[in-house]
Amino acid sequence: MMAAFGTAAQADDYAGLDYSLKTKQNSATGEKHDVYGVTVGHALAESLKAEVRMEDEVVHDPAKHEGLVQAKGVYTIGTFSLVTPYLGAATGYKSKATSNFSYYVAEAGVKIRVTDSVGLTLNSRLRSPYDESRMGTGNMYRTVENKATATYKFTAHDSLGVSYAHEHGDSNYHTVGLVYNH
């Protein structure tokens, strides 16, 4: 599969694989989620990218299987010194053990170039079903996630990263993750 990433990616294309461990807070059972994700994207212009993401989510205690697919656009505002702010918007479809529904995402963040090889991304995103205008209604999936990701670029086209996220709202999770990008 990694060979396919290397041969399929052109100059304007990118792909990534990631794994996250989500731990539900305030859960009597200690519910944990193993989330496996794949993202592929294409730079449409210097400041505009389009990407598709799929996730397979295995829930433990109680045992469930979930997932999602989403399409996302990312607009880079510009680079100021070593800081690059961006905006993102997505729409997707979530398959949960109890329900399936469409949702939207609004995201804002900054990428910070620490060195030529090390980067830091800080972002915040709102994810909500289309029928949920506030927490505690509809499909009970509306959350805000604040995330920090540190990456190390080990070749001109490849990087590894680690992340930490706190998600709160209709659900409350702490998440640690690993990501490979090409």
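Is D61 buried, exposed or partly exposed? Keep that one in mind, everyone, and I'll come back to it once we have looked around a little.

Hello, and thanks for coming. What you see above is a predicted model. Averaged over the chain, the pLDDT is 91, and 93% of the residues reach at least 70. Please be careful with residues 1-8, though, where the pLDDT falls below 50. That stretch does make 11 contacts in the model beyond its near neighbours in sequence. Still, where pLDDT is low, the predicted coordinates should not be read in detail.

Now to the overall fold. Follow the strands from β1 through β2, β3, β4, β5, β6, β7, β8 and β9 to β10, and you will have gone around a barrel that these 10 strands close, with antiparallel pairing. On average, neighbouring strands of this sheet are turned by 20 degrees against each other, ignoring direction.

Let's zoom in on one pair. Strand β2, residues 32-45, runs antiparallel to strand β3, residues 48-60, and 13 bridges link the two. If you'd like one to find on your screen, look for T39, whose bridge partner in β3 is R53.

R53 also leads us to the next stop, as it is among the residues that L68 touches. Others on that list include M54, E55, Y93, K94 and R127, leaving aside residues up to four places away in sequence. L68 touches Y103 and Y141 as well, and here we meet the largest nonpolar core. Its 6 residues are L68, A90, F101, Y103, V105 and Y141. Which strand gives the most to this core? That is β6, residues 100-113, with 3 residues. As general background, nonpolar side chains in soluble globular proteins tend to be buried together.

Finally, the loops, and back to my opening puzzle. D61 sits in the loop between β3 and β4, and P62 is found there too. The peptide bond joining D61 and P62 is cis, with omega at about 10 degrees. D61 is not a glycine, yet its phi is positive, about 55 degrees. And the answer I promised you: D61 is partly exposed, with a relative accessible area of 48%.

There is another positive phi to see, in the loop between β4 and β5, where S81 is found. S81 is also a residue other than glycine, and its phi is near 60 degrees. With a relative accessible area of 71%, S81 counts as exposed.

That's my tour. Thank you for listening, and do have a look around for yourselves!

Key. Residues numbered from 1 in each chain as written. Predicted model: local features only at pLDDT ≥ 70, side-chain atom pairs only at ≥ 80, totals over all residues. Heavy atoms only, no water. Core = buried A, V, L, I, M, F, W, Y, C linked by side-chain atoms within 4.5 Å. Buried < 20%, exposed > 50% of the residue type's maximum accessible area, 1.4 Å probe, protein only. Helix = DSSP H or I, 4+ residues; strand = E, 2+ residues; numbered from the N terminus. Contact = heavy atoms within 4.5 Å. pLDDT = per-residue confidence, 0-100. Pairing = 2+ DSSP bridges. Axes fitted to C-alpha atoms, helices over the stretch in contact; angles between N-to-C directions.
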